[in-house]
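Biologist: Hello! I am new to this structure and would love a friendly tour. Could we look at it together?

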Amino acid sequence: MNVTIIGGDGFIGWPLALRLSRDHQVTIIDNLSRRRLDKELETQSLTPIALTPERAEAWKKHSAININFVELDAQSPALVDLLRTITPDAIVHLGEVRSAPYSMLSSNHRTQTVTQNISTTQNILEAIIQLSQKCHLIHIGFMGVYGYSSTEVVDERVSPQDTALFRFDPGSVYHLSKVLDHHLLRFYAKNWGIGCTELHQGIVWGTQTSETLMAPQLVNRYDYDGEYGTVVNRFLVQAATGHPLTLYGKGHQQRAFLHLCDAVRCIEWCVANPSAGAAVRVFNQFSEIPCLSELADMIAQLSDARIEHVPNPREEDEANILRATSSLWSHVKPAIHLKTETLEAELAFARSFADSAVTKTFRTKALWKKI
Ligand code: USQ
């Protein structure tokens, strides 16, 4: 298959590009905005990531596989002509501003997240309807779109005729933009017959996959700062650098999690098994739902780190029960779980780069109520 990954230079996009290129012809389209955001946030990936052409060159050297890279903003009108030359059978859309705290930093960040994410998704859908061939769109949504009440979250296929909506209750502007994306996908599927898969992922943790481990220049990015770092990877770097683990509020929040290797495997399965016909197929994608204080305890025990109950910068229930299932489990069983041995290996990896951590970025600047 011919597969285009929009946002293929990012945290999930890069390891996904490497994996898919083993069986498919892969093109990365990326505007490299995630790298520029590091400058704005005065942080950097814990791991020293190579420039995109250098990464692709290193992959070619180690695997003899070519990955095409085109630097382009997927909001650009030039996207359609580019896709006409690529003729993709599938597009994986990871090209969005992808952080809940970042989206809540200020009025500008809220506006940027909504406008950029919605216009990118719509431009991709517009481009697909101009293509002369069928193209399956895989969009990455997140479990956070459902919110965290006690209602069970099931995934399902949504036919173009369905008028019932999922029960969405986003907790950040970023998650709100994913809800708006969902409506775009449904409308384009209904009206133009586009086949879409939407993956509602849990919080992805871990950094490396078997491919990114093959050479130092292939290493994946590792975010740990207060805006782009997600909770497990943040706790690991905090523990690795001898800092307290910043548990927000009571820590009785339950969240869905997934290791990066399993995230890549799930997307790989969706590429190989497209959604049939005109519909939005929705899968939840996670491996387990622990409570944050359990996670903090596990990492604290491995490292002797102290747990600090930081006043919660977010508007969220600090003691919820999340009940969810995933129909994707009957096709792809998650293989890596949040347990002592796996966290120990991740902690050792974080320790090997601990000297390069910019520890002043551990504190978030994103306050949910800020005007
Ligand atoms: N938390 C802490 N301490 C920290 C950071 C976070 O206790 O230092 C808590 C938060 O209050 C929250 C939970 O950990 O209750 C998860 O926070 P997170 O930053 O790891 O994840 P979240 O804000 O939900 O959003 C992140 C990414 C987003 C992705 C989402 C997956 O910003 O890219 O979509 O994870 S999900 O939440 O399943 O939708």
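Biologist: Does F142 count as buried or exposed, and at what relative accessibility?

Modeller: Happy to help, and please keep in mind that this is a predicted model. The cut-off for buried is a relative accessible area under 20%. F142 falls under that cut-off, so it counts as buried, at a relative accessibility of 15%.

Biologist: How many aromatic pairs are there, and what kind of pair do F142 and Y174 form?

Modeller: The count comes to eleven aromatic pairs. In the pair of F142 and Y174, the ring centres are 5.9 Å apart and the planes make 50 degrees. Planes under 30 degrees apart would count as stacked and over 60 as edge-to-face. With 50 degrees between the planes, F142 and Y174 are tilted.

Biologist: How far apart in sequence are the parts that the pair of F142 and Y174 ties together?

Modeller: Y174 counts as buried, at 3% relative accessibility. Y174 belongs to helix α7 (residues 173–192), while F142 belongs to strand β5 (residues 136–142). The pair therefore ties together parts whose separation in sequence is 32 residues.

Biologist: What kind of pair do F349 and F353 make?

Modeller: F349 is buried, at 17% relative accessible area, whereas F353 is partly exposed, at 22%. Their ring centres lie 5.2 Å apart. Because their planes stand at 65 degrees, the pair is edge-to-face.

Biologist: Which ring has the charged end of R34 over it?

Modeller: Let us start with the place of R34, which is in helix α2 (residues 33–40). R34 counts as buried at 13% relative accessibility, and a polar contact of 3.1 Å joins its side chain to that of D38. Leaving aside neighbours within four places in sequence, R34 is in contact with R98, R221, D223 and Y228. Its charged end sits 3.8 Å from the centre of the ring it lies over, that of Y228.

Biologist: And over which ring does the charged end of R255 sit?

Modeller: Here the charged end is 3.6 Å from the ring centre. The ring under R255 belongs to Y148.

Biologist: Which residue of β5 stands opposite H93?

Modeller: In strand β4 (residues 90–93), A90 and V92 point one way, I91 and H93 point the other way, and all are buried. Strand β1 (residues 2–6) runs parallel to β4, with four bridges joining them, and V3 stands opposite A90. Four bridges also join β4 to β5, and these two run parallel. Opposite H93 in β5 stands H139.

Definitions and conventions:
Residues numbered from 1 in each chain as written. Predicted model: local features only at pLDDT ≥ 70, side-chain atom pairs only at ≥ 80, totals over all residues. Heavy atoms only, no water. Phe/Tyr/Trp six-rings, centres within 6.5 Å; stacked < 30°, edge-to-face > 60°. Buried < 20%, exposed > 50% of the residue type's maximum accessible area, 1.4 Å probe, protein only. Lys NZ or Arg CZ within 6 Å of the ring centre and 35° of its normal. Polar contact = N/O pair within 3.5 Å; in protein donor to acceptor, adjacent residues only side chain to side chain. Contact = heavy atoms within 4.5 Å. Pairing = 2+ DSSP bridges.
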